[in-house]
Amino acid sequence: MEDMLQYWSTQITSLDFWKNLLDSFEGLGPLVPVLLAMVESFVPPLPLIAIVALNVAAHGPVMGFLYSWCGVVVGGAIMFTFWRRVVKRFFWRFASRFEPIRKAEKWVSHCDVPTLFTLAMLPFTPTSFLHLAFGISDFDSRRYILTLLAGKAVMIAMMALFGQSLTNALENPLYLVLAVLLWVGMYFASKLFCQKHHLD
């Protein structure tokens, strides 16, 4: 049983696994790339930037962006709703005993909409923590979803540009330099902002 769990945990965090899965369901149209981006909300170790790059390579920069954006936003909304409507409503007395939950609730009290937008926009911030923290808080649901929509649109656009740069690098190596610079820039911007808001 342990070997099976280890095998599947290795598989679902492998980009080749998802590429093969995407190829095998090619006839289903947009459903698979959207679901592929959604899965990252439930399995945070998955490399979202690689998933977006894969969608861009398979469907082009515009449709790859739209499929990825829809998947990420829908997945995030589901996780936020789970924490807000299930955990907070039915299991809060039990969940509030855990120190990380209490810290997350306290952290949200110091977070405003511009900060949330920036955190949602930066690709290396712990999005799963945002869904948890805002889900168990009293933060307005509509504001959270709208800010998530806007922030993730910018983030996925940057990732789509990265994916397109990788695709173009096959014809012009200069695009590979652009892709690496974009990746490094996003990484350090995310880390600095996370440190500022004690999410490192």
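**Figure 1. Crossing of helices H7 and H9 in the predicted model.** The axes of helix H7 (residues 99-108) and helix H9 (residues 127-135) come within 8 Å, with a crossing angle of roughly 80 degrees. Angles of 65 to 115 degrees count as roughly perpendicular, and H7 and H9 are therefore roughly perpendicular to each other. On the H7 side, the contact is made by Ile101, Ala104, Trp107 and Val108. H9 contributes Phe129, Leu130, Leu132, Ala133 and Phe134. Nine residues of this contact of H7 with H9 are nonpolar, and none is polar or charged.

**Figure 2. The largest pocket and its lining.** The largest pocket holds about 300 Å³ of space. Its lining consists of 18 residues, of which Glu40, Leu48, Pro123, Thr125 and Thr127 are the closest to the pocket centre. By class, the lining residues are 11 nonpolar, five polar and two charged.

**Figure 3. Helices that contribute to the pocket lining.** At least two lining residues of the largest pocket come from each of helix H3 (31-42), helix H4 (48-59), H9 and helix H10 (141-168). H9 thus appears both here and in the contact with H7.

**Figure 4. The whole protein, for orientation of the close-ups.** The protein has 11 helices and zero strands, and its pattern along the sequence is α-α-α-α-α-α-α-α-α-α-α. Of its 200 residues, 40% are buried. Among contacts between residues at least 6 apart in sequence, 72% join residues at least 24 apart.

Key. Residues numbered from 1 in each chain as written. Predicted model: local features only at pLDDT ≥ 70, side-chain atom pairs only at ≥ 80, totals over all residues. Heavy atoms only, no water. Axes fitted to C-alpha atoms, helices over the stretch in contact; angles between N-to-C directions. Helix = DSSP H or I, 4+ residues; strand = E, 2+ residues; numbered from the N terminus. Parallel < 35°, antiparallel > 145°, perpendicular 65-115°, else oblique. Contact = heavy atoms within 4.5 Å. Nonpolar A, V, L, I, M, F, W, Y, C, P; charged D, E, K, R; others polar. 1 Å grid on protein atoms, 1.4 Å probe; cavity = no way out; pocket = protein on both sides within 12 Å on 5 of 7 lines; lining within 4 Å. Points joined across faces, edges and corners; volume = space filled by probe spheres on them. Buried < 20%, exposed > 50% of the residue type's maximum accessible area, 1.4 Å probe, protein only.
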